[in-house]
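User: I should like to understand how the descriptive terms for this structure are justified. Please set each value against its definition.

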Amino acid sequence: SHSVNLLQESWDAYRKRFIQGDGRVIDWEDRDKSTSEGQAYAMLRAVFANDRDSFDRTLNWAESNLLRKDASGQVRDSLWAWKWGKDPKGQWIQLDPNFASDADIDACYALILAAQRWNHSAYLDLAKTKLKDLWQGSTIAVRGQRLLLPGPEVAFRKGNLIKLNPSYFAPYAFRLFAQVDSERDWLALVDSSYNVLQQSAALSKVGLPSDWIGFDRQTGTYQPLTEPVVSLYSFDATRVWWRVALDAELYQEPRAEQYLRQSLRHLQALWRSQRQIPARIDLQGQATVNYDATSQYAMLYPALKLIDPELGREIYQQKLLSRYRGGFWDNENAYYTQNLAWFGLLPTQVVAQALQGQFPDLSSLPNDPVN
């Protein structure tokens, strides 16, 4: 067992390695770029780690660099451009002005918790502003339901075809948003999230979620996407397990547990037969790579804790603990892995307490898997 708490130690290591003095979170594996996702993940982790300095720095960097402007230089809204980095001329700029709704959802969730933890209403005010813009810019009424888009409609709808990213659906967050923003029907997004997750699982022969899916708003049917984004189970889709497991545990949502029991069957069987879960699985249920991924095991972990604790314990020991050394999972450049491993290992109980306004000290938590 580990003498210091994993969550505290890995946050300290992450902060030193990945967060610049000015609050920019750097993805060392991808041309040192920054993303709205990276800023939001850091904010969310900082709240649980009681690290207000890192919270403020990462928030302020995003507010200073990621706000999107129109042709005349006016700020369009309070949402963040998703990609920032070096252009071919060597200038550091916004590389893509579209926002990614998952990052803004995670940032709003972090802001609401931060307002409580540090008793600072300005965080809540900013969250409310962002929620209004998120609803307006990133949700769409289709066939009697309200769907969460992955970003601006102009980027994700072509005629009747709408592109959706199931790993962006965060029902537990929509419930919190409904509590702080009564002007918009955030609970409608909880319902549509489960509808889309359940129905689009049929695209996969083995019932897995896909990184991306197409929805035809004329026929109300789901279809696979091939270019430039592809329908298969991989690094995006794996976050579905974590987000759905949070809703199952925090809110005893029966649709969440039912979804996990059905859609995890194939991965449970793969693990039992091969002791490995491949990082990419196509819609036919075939592995298309022979490697596995720490981040994916971490996202599976909270779901397995709920429905298959024994398997969860095996994965924790064999794939998560064994790949952790000196503050890092895998290696000290793996930005995505550090974040997803951390969230997967953050006990849901800690989130539940935070929602009640009680924030346990991370370093006091046991590293004990599957209580």
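Analyst: Trp212 may serve as the starting point: Trp212 has a relative accessible area of 13% and is buried. The model is a predicted one, in which local features need pLDDT of at least 70, side-chain atom pairs count only at pLDDT 80 or more, and totals for chains, interfaces and linings use all residues. Residues are numbered from 1 along each chain as its sequence is written, and side-chain values use heavy atoms, with hydrogens and water left out.

User: What makes Trp212 count as buried?

Analyst: Buried means under 20% relative accessible area, exposed over 50%, and partly exposed in between (1.4 Å probe, protein chains only). Trp212 has 13%, so Trp212 is buried.

User: Why is the pair of Phe156 and Trp212 called stacked?

Analyst: Rings of Phe, Tyr and Trp (its six-membered ring) pair if their centres lie within 6.5 Å; planes under 30 degrees apart count as stacked, over 60 as edge-to-face and the rest as tilted. The centres of Phe156 and Trp212 are 5.9 Å apart and their planes are at 5°, so this pair is stacked. Phe156, at 16% relative accessibility, is buried as well.

User: Which parts of the chain does the pair of Phe156 and Trp212 tie together?

Analyst: Phe156 belongs to helix H6 (residues 153-156), while Trp212 is in the loop between helix H8 (187-200) and strand E9 (213-216), so the pair links parts 56 residues apart in sequence. Helices (H or I, at least four residues) and strands (E, at least two) are DSSP runs, numbered from the N terminus.

User: How many aromatic pairs does this rule give?

Analyst: The count comes to 23 aromatic pairs. In one of them, the rings of Tyr109 and Tyr172 have centres 5.4 Å apart and planes at 80°, so the pair is edge-to-face. Tyr109 lies in helix H4 (residues 101-117) and Tyr172 in helix H7 (residues 171-180), so parts 63 residues apart in sequence are tied together.

User: Are Tyr109 and Tyr172 buried or exposed?

Analyst: Tyr109 has a relative accessible area of 3% and is therefore buried. Tyr172, at 4%, also counts as buried.

User: Why is Glu249 described as partly exposed?

Analyst: Glu249 has a relative accessible area of 33%, which lies between the two cut-offs, so Glu249 is partly exposed. Glu249 is found in helix H9 (residues 239-251). Leaving aside neighbours within four places in sequence, Glu249 is in contact (heavy atoms within 4.5 Å) with Leu306 and Thr348.
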